[in-house]
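Biologist: I am new to this structure, and I would like a close look at a single part of it. Please choose one and explain, as you go, every term that you rely on.

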Amino acid sequence: MDVRRAHERYQGGDPAAGIETRHAFSFGPHYDPDNLRFGAVIACNEERLAPGAGFGEHPHSHTEIVTWVVEGELTHQDSTGRETVIRPGDVQRLSAASGVRHVERNAGDRPLTFLQMWLAPLEPGGDPSYEVVPGIADSTPYALPEAGAMLHVRRLTAGERTAVPDAAYAYVHVVRGEVELDGEPLGAGDAARITDAKDVEAVAVSPTAELLLWEMRAV
């Protein structure tokens, strides 16, 4: 198990424009050849946007992009003509495939924080696709077969335990609260990369905690 702390993330964004970003993996000008990916995960970015701030139209290709809003509301527009608003508890997936362009912004009047995770597809190309699953439940994992991955959401109360799925690769990100993962304390923004995960448990040590767990097959 390789634990990465929130304060170890690369800092990015444009604070003067109301954009603050924390990168968990090698990203853009922050190139780290020893931190390019884990399993299918190639990016895990924590984004903070002030009201009115956002990312102008930009391209993506050959990437599965999954977004989880922590607080606030995220407005999304893409080159297929879709415009949606993503709220806490929703899962948004943009399959960039052979190429798509999109805009992300905080059109609300309060700060926005969201987590965006990029996964490498098993096969490149194809047609772009998009979906939002509103209010995903803890008991309903979100399958991402294009990347050989499954996303699990776990919301815990103090003392409550949850199993990390047994998998070739498991990526655990603490969204909020504090947990002990296999005895290792983790706080908000901390993450753990587990290879050949088996019989690993997380237990909440704060009144509430929220985790995102990626279960991934060998690649």
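**From a loop to the core**

Modeller: D182 is found in the loop between β17 (179–181) and β18 (184–186), where strands are DSSP runs of E with at least two residues and helices are runs of H or I with at least four, numbered from the N terminus. This is a predicted model, in which local features need pLDDT of at least 70 and side-chain atom pairs count only at pLDDT 80 or more, while totals for chains, interfaces and linings use all residues. Residues are numbered from 1 along each chain as its sequence is written, and side-chain values use heavy atoms, with hydrogens and water left out.

D182 has a positive phi of about 55° although it is not a glycine, and with a relative accessible area of 54% it is exposed; here exposed means over 50% relative accessible area, buried under 20%, and partly exposed in between, with a 1.4 Å probe and protein chains only. A97, in the loop between β9 (91–95) and β10 (100–105), also has a positive phi, near 50°, but A97 counts as buried at 5% relative accessibility.

The part I would have you look at closely is strand β16 (167–176), which is mostly covered, since 7 of its 10 residues are buried. Strands count as paired if DSSP finds at least two bridges between them. On β19 (residues 191–197), β16 has an antiparallel partner joined to it by 6 bridges, and within that pairing Y169 is bridged to T195. With β21, β16 pairs in the antiparallel sense over 7 bridges, and there V174 has L211 as its bridge partner.

β16 also supplies at least two residues to the largest nonpolar core, as do β4 (41–49), β6 (64–71), β11 (112–119), β13 (142–144), β14 (149–157) and β21 (208–216). Such a core is a set of buried Ala, Val, Leu, Ile, Met, Phe, Trp, Tyr and Cys residues joined through side-chain atoms within 4.5 Å. This one has 26 residues, and among those with the most contacts inside it are W68, Y171 and L212. A second, separate core of 17 residues includes V164, V172, V179 and A209.

Y171 takes part in one of the 3 aromatic pairs of the structure. Its partner is F25, and the pair is tilted, at 5.9 Å centre to centre with 40° between the planes; rings of Phe, Tyr and Trp (its six-membered ring) pair if their centres lie within 6.5 Å, with planes under 30 degrees apart called stacked, over 60 edge-to-face, and the rest tilted. Because F25 lies in the loop between β3 (19–23) and β4 while Y171 lies in β16, the pair ties together parts that are 146 residues apart in sequence. Both F25 and Y171 are buried. R193 lies over the face of F25, at 4.0 Å from the ring centre, a charge being over a ring if NZ of Lys or CZ of Arg is within 6 Å of the ring centre and within 35 degrees of the ring normal.

Finally, consider H152 in strand β14, which counts as buried at 9% relative accessibility. Its side chain makes a polar contact with the side chain of E215 at 2.7 Å, a polar contact being a pair of N or O atoms within 3.5 Å where, within protein, one must be able to donate a hydrogen and the other to accept it, and residues adjacent in sequence count only if both atoms are side-chain atoms.
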